[in-house]
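Me: Could you take a close look at the nonpolar interior of this protein for me? I'd like the cut-offs spelled out as you go.

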Amino acid sequence: MYTVRAVTAEELLGAAERLGGLLADTVDGGASVGFLAPLDPGAAADWWRALAPEVGAGRLLLWVAYPEPDADPGTDAGTDAGRRIAGTVQLRPASTANGRHRAEVAKLMVHRADRGHGLAGRLLAALEEEAVGRGIRTLVLDTETDSPAERLYAAAGWTRVGTVPDFATDPAGVPHATTVYYKALPAAADSPGR
C-alpha cells in the first residue's frame, strides 16, 4: 500500500535527493520526461530543488507517493522523512487571467519497483480531486506516443487530441512523436462528495 499526499516547498527540499533518485530511475527506465541518460542523481536532485520557489508560490503543486511504513522497513511510521518515494506527479495551473480554469499535468513518475500496483492512477486521482476543488475544469498533458502511459490515460478517462511528430526525444536522444490529451473535470459543486 501507498500514501499519496501533496508536499510543501520545505518538504520538497527535504525530499530532493530521494526525488532525484526517482527521476534517475525513470530516465534509466527509458521514459521521456525531459532528460537524457545517463542522468546524474545529484543533477536530478538539483532540478527538484529549483522547483521549490514555484511550489512555495503555488504556481506548481506536487504530490508524492510513499510506501506504507510496514512495506518500507527501517522508517519511522510518524514521519515521511527518509521514506522512499515511489511516485510523483505535478500540476501547473495556468497563470493567465483567461486560463485560470485550466492546468497542465506533468512528470507523472512511478519507480520501476512500484509499477503494477495502480499507483499512477492514485496519483492522478489525487491531482484531479485537488484541481476540482480549485475550480480547475480542464487538464492537459502530453506523453510519448505508444508508451504504456497512453493506456493509463485512456483508462482514466482522458481524451486523445492528436500527435506531434518528433516532438521530444527519449533518454537516448532519439526523437519520438508525442500525444496530447485533455480531461474535462466536473465543476466543484458537481463533483462527488461535494
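Reply: Happy to; here is the overall fold, followed by the interior.

This is a predicted model, in which local features need pLDDT of at least 70 and side-chain atom pairs count only at pLDDT 80 or more, while totals for chains, interfaces and linings use all residues. Residues are numbered from 1 along each chain as its sequence is written, and side-chain values use heavy atoms, leaving out hydrogens and water.

The protein has five helices and seven strands; these are DSSP runs, with helices (H or I) of at least four residues and strands (E) of at least two, numbered from the N terminus. Their order from the N terminus is β-α-α-α-β-β-β-α-β-α-β-β. The radius of gyration is 17 Å, which agrees with the value near 16 Å for a compact globule of 194 residues; it is taken over C-alpha atoms, and the globule rule is 2.2 Å times the number of residues to the power 0.38.

Now to the interior. Of the 194 residues, 39% count as buried, meaning under 20% relative accessible area with a 1.4 Å probe and protein chains only (over 50% is exposed, in between is partly exposed). A nonpolar core is a set of buried Ala, Val, Leu, Ile, Met, Phe, Trp, Tyr and Cys residues joined through side-chain atoms within 4.5 Å. The largest one holds 26 residues, and Trp63, Leu91, Val105, Leu119, Leu123, Leu139 and Trp158 touch the most other members. Two or more residues each come from strands E1 (2-6), E2 (61-67), E3 (87-93), E4 (102-110) and E5 (138-144), and from helix H4 (119-133). H4 gives the largest share of this core, seven residues. Apart from this core lies another, of 23 residues, including Phe35, Ala52, Val55 and Ile85.

Trp63 is a good place to zoom in. Leaving aside residues up to four places away in sequence, Trp63 touches Val4, Arg5, Ala6, Gly87, Thr88, Val89, Leu91, Leu123, Ala126, Leu127 and Glu130, where a contact means heavy atoms within 4.5 Å. Across the protein, 64% of contacts between residues at least 6 apart in sequence join residues at least 24 apart.

Thr26 is another residue to inspect, found in helix H1 (residues 9-28). Thr26 counts as buried because its relative accessibility is 2%. Among residues beyond four places away in sequence, Thr26 touches Ala31, Val33 and Met109. The C-alpha atoms of Thr26 and Arg112 are 7.2 Å apart, although 86 residues separate the two along the chain.
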